[in-house]
Amino acid sequence: MGGGAADQGLTCADPRSEPAVLEHRHQSHPPRVLLPRHGLPPELSSLQIPDEILAEIFLRLPTTTDLIRASGACVSFRRVAAGRSFVRRFRKLHHPPLLGFLDERGVFLPALSPYPSAPAAPAPALAADFSFSFLPAPARDWVVRDSRDGRVLLDRTCPLRKMPFREMVVCDPLHRRFLLLPPIPDDLAATVEDPILTDTSSSEAFFIPRCEDDEAATAEETSFRVIWMSQCHTKLFALVFSSNTGQWRAVPSRSWDDLLEGLAWTGSSILYCREYVYGCFYWRTGWDVNMKMLVLDTRLMEFSSMNPPHEVKYNFAVAMVEAGKGRLGMFVLADASDLSYSTRQNDGGGSSQWQMEKTISLGSGYLFRIIGSAERYLFLYRWQSSISDFRVFALDIKTFQLQQVCHAPKLCKLDAYINFPPSVLSLPTISSGVENEAEEMLEQGCAPSSSA
């Protein structure tokens, strides 16, 4: 198939135009596509650019914005850019931007200027339905629990099931699709012995991210897994749902004494600050000298524990990150305005292997709170004690650059919404369930009305 047929707008094979070429400038700048400036002989201007060559050119565009602009030049360009195989390749090379945050009630806080992704943030705010009006009514009952890969996980109390079991749904607010997860089967629910019912935070649900080396999962954009976990008086129980099988299965449970020996048990939730790093989830447990990190390896589906750095003891403000080269990284909000950063090799060793890397000054005159981490960012709240002006900042883990992302009306749980803006790169993330005319409108580059 050729990529040079003339279309409306910019023509790709006009006899008066030249084929696009890649300009190579100074080494510090990536190559870019130059538009034709001079005519070609008629026998050359009719040559078509093969789709495979166009795809290779598009893969070398430096940003997703450049690809979106190129895909709008003509129909043949859009056909190549919208192909599923090309989109998969492009998404592997270009990570989606941070577009904003979702609070527990689905309020979308878009990134604001001068944050780099701010120009793309209004598009999902208009095109997506973050009020979740397309979910089973009443929509106001649903609570956001997690957000990842363009999907949102929500739950609500279920009158037909006793606590801690809740009704759960996974949705794609951009394409208005959802999948209501089946109830946890009675035989699995019966294994959850003596759950803590006096503390609602003792149970949680969250996505398992896809591993980059999991080719099967990466090839199927609509597949996902969800973990439901409950802290009980004697054991920790976890169940996993797979969209591929449509079923729940149990994760081998372990007693608290086995997992966290020496930890003082209070009879309420003891797990805090969930983070995902290199295929494992990490929680901190308590805040005394016996504090440990609980670890869930999602590849083996096994729980274990790990000793944190000494400075983490008695400190609640902690976040785990990927430090690069297989190393674990940990940020600790040491005081009102300083972040300490430590790393260690990811080999299952003890606290002696943690090494202090640096201390980052956040500036004086403000209060800070760690929100959490996602991909290459650490997120923090910043405010002044006398003013209710809460702002969300992102610290780039690679460059340690701190940038303001958006404002927040109050201190609350936030989930980062990292996704491509509505475009040829915005593939549906739910393969079954409910969808409406928003799907077709997105394909046409339109934003659905608020009444949709």
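This report walks through a predicted model of one chain, from its overall make-up to a few chosen spots.

**The chain as a whole**

The chain has 452 residues, and 47% of them are buried. Ten helices and 25 strands turn up along the chain. If you take the contacts between residues at least 6 apart in sequence, 52% of them join residues at least 24 apart.

**The helical core**

Let's start with the largest nonpolar core, which has 21 residues. Inside this core, the residues with the most contacts are Phe58, Leu67, Phe86 and Leu425. Four helices each put in at least two residues: α2 (51–59), α3 (64–71), α4 (75–82) and α5 (84–93). Helix α2 gives the largest share of the core, with five residues.

Phe58 is a good place to park your viewer. Setting aside residues up to four places away in sequence, Phe58 touches Leu67, Ala70, Phe77, Val80, Ala81, Phe86 and Phe90. Some of those names come back when you look at the rings: Phe58, Phe77, Phe86 and Phe90 are linked into a cluster by ring pairs.

**Rings and charges**

A pair of aromatic rings is described by the distance of the centres and the angle of the planes. In this model the count of aromatic pairs comes to 21. One of them is Phe86 with Phe90: the ring centres are 5.9 Å apart and the planes sit at 35°, so this pair is tilted. Stacked would need planes under 30 degrees apart, and edge-to-face would need over 60. Both residues belong to helix α5, four residues apart, which is about one turn of the helix. Phe86 is buried, at a relative accessible area of 4%, and Phe90 is buried too, at 0%.

Two arginines also sit over tyrosine rings. The charged end of Arg148 is placed over the ring of Tyr276, 5.7 Å from its centre. Arg382 lies over the face of Tyr366, and there the distance to the ring centre is 3.8 Å.

**A three-stranded open sheet**

Now for some strands. Strands of a sheet pair through backbone hydrogen bonds, either parallel or antiparallel. One open sheet here has three strands in the order β4-β3-β25, and the pairing is antiparallel. Its edge strands are β4 (108–110) and β25 (414–418), each of which pairs on one side only. On average, neighbouring strands of this sheet are turned by 30° against each other, direction ignored. Strand β3 (residues 98–103) is joined to β25 by five bridges, in the antiparallel sense. If you want a residue pair to find on screen, look for Leu102, which stands opposite Asp415 in β25.

**From β9 to β11**

Another run of antiparallel pairing goes through β9, β10 and β11. The table gives the bridges for each pair, with one example of partners.

| Strand pair | Bridges | Example of bridge partners |
|---|---|---|
| β9 and β10 | six | Glu204 and Met229 |
| β10 and β11 | seven | Ser230 and Phe237 |

Strand β10 covers residues 225–231, and six of its seven residues are buried, so the rest of the structure largely encloses this strand. A hairpin of three residues carries the chain from β10 to β11, and β11 spans residues 235–242.

Over in strand β9 (residues 203–208) you'll find Ser203. Ser203 has a relative accessible area of 15%, so this serine counts as buried, the cut-off being under 20%. Apart from neighbours within four places in sequence, Ser203 is in contact with Pro164, Trp228, Met229 and Ser230.

**Leu395 and its surroundings**

One last stop is Leu395, in strand β23 (residues 387–396). Leu395 counts as buried, with 0% relative accessibility. Leaving out neighbours within four places in sequence, its contacts are Phe331, Leu339, Ile360, Arg376, Tyr377, Leu378, Leu380, Phe400, Gln401 and Leu402. If you'd like a ruler check in the viewer, try Leu395 and Val405: they are ten residues apart in sequence, and their C-alpha atoms are 10.0 Å apart.

Definitions and conventions: Residues are numbered from 1 along each chain as its sequence is written. This is a predicted model: local features need pLDDT of at least 70, side-chain atom pairs count only at pLDDT 80 or more; totals for chains, interfaces and linings use all residues. Side-chain values use heavy atoms; hydrogens and water are left out. A nonpolar core is a set of buried Ala, Val, Leu, Ile, Met, Phe, Trp, Tyr and Cys residues joined through side-chain atoms within 4.5 Å. Buried means under 20% relative accessible area, exposed over 50%, partly exposed in between (1.4 Å probe, protein chains only). Contact means heavy atoms within 4.5 Å. Rings of Phe, Tyr and Trp (its six-membered ring) pair if their centres lie within 6.5 Å; planes under 30 degrees apart count as stacked, over 60 as edge-to-face and the rest as tilted. A charge sits over a ring if NZ of Lys or CZ of Arg is within 6 Å of the ring centre and within 35 degrees of the ring normal. Two strands pair if DSSP finds at least two bridges between them. Axes are lines fitted to C-alpha atoms, for helices over the stretch in contact, and angles run from 0 to 180 degrees between N-to-C directions.
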